[in-house]
Amino acid sequence: MKQKREPTRLYALMAASPAEALEIVSAQAADDVAVEVAGKLSKRMAKPYKLKPGDLMPI
């Protein structure tokens with residue numbers, strides 16, 4: 001029996017550290033969702049999104 005998986009969701013988030021980013025996302029995620037850091041978004045790449053600290057945006 002195969003289980004149907006949901007697609008991976010990727011979000012951009014402006015935070016001071018990866019640990020802070022995980023805290024913010026984990027607080028907003030459902031209890032059964034695994035959260036992990038996928039990488040770092042440079043300031044140049046984040047600028048067009050106009051993200052402010054704590055903003056969470058799907059990409």
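These are my notebook entries on a predicted model of a single chain, taken in the order in which I looked things up.

**Overall fold.** I began with the secondary structure and found two helices and two strands in the chain, which follow one another along the sequence in the pattern β-α-α-β. I then asked how the contacts are spread along the sequence, and noted that, of the contacts with a separation of 6 or more, 64% join residues 24 or more positions apart.

**Dimensions.** For the extent of the chain I took the C-alpha trace, which spans about 45 × 20 × 15 Å along its principal axes. The radius of gyration is 13 Å, whereas a compact globule of 59 residues would have a value near 10 Å.

**Surface and burial.** I looked up the exposed area next and recorded about 5,700 Å² for the chain, with carbon and sulfur atoms supplying 55% of it. Of the 59 residues, 12% are buried.

**Helix H1.** Which residues of H1 are buried? I found Ala 21, Ile 24 and Val 25. These three lie on the same side of H1, because they cover an arc of only 90 degrees around the axis. I set beside this the general rule that an α-helix has 3.6 residues a turn, so residues three or four places apart point the same way. On the other side of H1, I noted Glu 23 and Ala 27 as exposed. I also checked what the buried residues of H1 pack against, and the partners are E1 and E2.

**Ala 15.** I then moved to the loop between strand E1 (11-13) and helix H1 (18-28), where Ala 15 lies. Is Ala 15 buried, partly exposed or exposed? Its relative accessibility is 28%, and it therefore counts as partly exposed, since that class runs between the buried limit of under 20% and the exposed limit of over 50%. Leaving out residues up to four places away in sequence, I found that Ala 15 touches Glu 20 and Ala 21; Ala 21 is also one of the buried residues of H1. For a distance along this part of the chain I took the C-alpha atoms of Ala 15 and Gln 28, which are 13 residues apart in sequence and separated by 15 Å.

**A nonpolar patch.** Last, I looked for nonpolar patches on the surface and noted one of about 280 Å², made by Leu 10, Tyr 49 and Ile 59. Of these contributors, I placed Ile 59 in the segment after strand E2 (56-58).

Notes
Residues numbered from 1 in each chain as written. Predicted model: local features only at pLDDT ≥ 70, side-chain atom pairs only at ≥ 80, totals over all residues. Heavy atoms only, no water. Patch = residues over 30% accessible without salt bridge, like charges linked within 9 Å, V, L, I, M, F, W, Y side chains within 5 Å. Areas by Shrake-Rupley, 256 points an atom, 1.4 Å probe, with all protein chains shown as cover. Salt bridge = Lys/Arg side-chain N within 4 Å of Asp/Glu carboxyl O. Helix = DSSP H or I, 4+ residues; strand = E, 2+ residues; numbered from the N terminus. Buried < 20%, exposed > 50% of the residue type's maximum accessible area, 1.4 Å probe, protein only. Contact = heavy atoms within 4.5 Å. Rg over C-alpha atoms; globule rule 2.2 N^0.38 Å. Arc of directions from axis to C-beta.
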